[in-house]
Amino acid sequence: MLGVAVHYGWRALVADTFIIPSDSMSPTLLPGDKVRVDKTIFGARLYTSLDFSDGRMESIRTRGRRGLRYNDIVVFNYPVNDKGRIGFKMNYVYVKRVVALPGDTIAFVHSRPVNSHYGGALGLAEAQRRLEETPDSLIPWYAMRNILVETAVLGYTIKDIPPVYVPRQGDILRMDDWRKAEIYRRAIEWETGRA
């Protein structure tokens, strides 16, 4: 019994392993690759309730050794769209590269991320070049999606996304155009608990 407690305690507080399900991080990570996540870097997430039925997954985070940095590879619960609202499922995780932090403005120009506060390379130039050369008709439908809103609704593709501001805690954003309102709508509903 002690061994089981140590095993799950280790997975909850120190490190866990995830299997890469898709080629979205190729060539860095390939389907079937295993990644070990060091939870001491950003802090482990501890659930304050074990009732996940409403999709909120309330939790607190332990103190980590450092914050996020550009080009970090992170594993996170992907926000699912359930009837037009954001929700979460246990162990429905994505692995992605950090291209923007709170307070940054991020755009994608010819398949390359351009960050207002970071002049270095973001991601892999060769993979971005291949994406730019790939006709939209050959890009899988799921790759054309955005976490917050379907990109087609806004009239762009994953190759060319106009500048989007990543809010910091406490920021006030003016919703002065329908596209901006659509980009932030679900996140605002999630954070405020109001639809």
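This report walks through a predicted protein model, from its overall make-up down to a few individual residues.

## The whole protein

Let us begin with the broad view. The protein has 195 residues, and buried ones make up 26% of them. Its secondary structure consists of 5 helices and 11 strands. About 12,800 Å² of surface is exposed, and 58% of that comes from carbon and sulfur atoms.

How much of the contact between residues at least 6 apart in sequence joins residues at least 24 apart? The share is 50%.

## A sheet of three strands

A good place to look next is the open sheet built from 3 strands, which run in the order 10-9-11 with antiparallel pairing. Strand 10 and strand 11 (161–165) are its edges, each pairing on one side only. From one strand to the next, the twist averages 20 degrees. As general background, strands of a sheet pair through backbone hydrogen bonds, in either a parallel or an antiparallel way.

Strand 9 and strand 10 are joined by 4 bridges in the antiparallel sense. One example to find on screen is Phe108, whose bridge partner in strand 10 is Pro113. Side chains in a regular strand alternate between the two faces of the sheet. In strand 10, Pro113 and Asn115 are on the covered face, while Arg112 and Val114 are on the uncovered one.

## The turn between strands 9 and 10

Strand 9 and strand 10 form a hairpin with 2 residues between the strands. Within this hairpin, His110 takes a positive phi near 50 degrees.

Ser111 also sits in this loop, which lies between strand 9 (105–109) and strand 10 (112–115). Is Ser111 buried or exposed? Its relative accessibility is 4%, so Ser111 counts as buried. The cut-off for that label is under 20%. The side chain of Ser111 makes a polar contact, at 2.8 Å, with the side chain of Glu132. Leaving out residues up to four places away in sequence, Ser111 touches Gln128, Leu131, Glu132 and Lys159.

## A second buried loop residue

Asp72 is another loop residue worth a visit, and its loop runs between strand 4 (59–61) and strand 5 (73–77). With a relative accessible area of 12%, Asp72 is buried. Which backbone nitrogen does the side chain of Asp72 reach? That of Arg69, at 2.8 Å.

The surroundings of Asp72 draw on several parts of the sequence. Apart from neighbours within four places, Asp72 is in contact with Phe42, Arg66, Gly67, Lys96, Arg97 and Val98.

## Salt bridges

Side chains of opposite charge can pair when their charged atoms come close. How many salt bridges does a search of the whole structure find? There are 8 salt bridges.

One of them joins Arg129 and Glu126, with the closest N and O atoms 2.3 Å apart. Both residues belong to helix 3 (residues 125–133), where they are 3 residues apart, about one turn of the helix. Arg129 counts as partly exposed because its relative accessibility is 30%, and Glu126 has the label partly exposed at 40%. This pair is also part of a wider network of salt bridges that links Glu126, Arg129, Arg130 and Glu133.

## Two further charged pairs

Asp171 forms a salt bridge with Arg168, and here the closest N and O atoms are 3.7 Å apart. Asp171 counts as partly exposed, at 29% relative accessibility. Arg168 counts as partly exposed too, at 45%.

Finally, the side chains of Lys180 and Asp176 meet in a salt bridge, at 3.2 Å from N to O. For Lys180, a relative accessibility of 30% means that the residue counts as partly exposed. Asp176, at 47%, also counts as partly exposed.

Definitions and conventions: Residues are numbered from 1 along each chain as its sequence is written. This is a predicted model: local features need pLDDT of at least 70, side-chain atom pairs count only at pLDDT 80 or more; totals for chains, interfaces and linings use all residues. Side-chain values use heavy atoms; hydrogens and water are left out. Buried means under 20% relative accessible area, exposed over 50%, partly exposed in between (1.4 Å probe, protein chains only). Contact means heavy atoms within 4.5 Å. Accessible areas come from the Shrake-Rupley method with a 1.4 Å probe; for residues, only the protein chains shown count as cover. A polar contact is a pair of N or O atoms within 3.5 Å; within protein, one must be able to donate a hydrogen and the other to accept it, and residues adjacent in sequence count only if both atoms are side-chain atoms. Two strands pair if DSSP finds at least two bridges between them. Axes are lines fitted to C-alpha atoms, for helices over the stretch in contact, and angles run from 0 to 180 degrees between N-to-C directions. A salt bridge is a side-chain nitrogen of Lys or Arg within 4 Å of a carboxyl oxygen of Asp or Glu.
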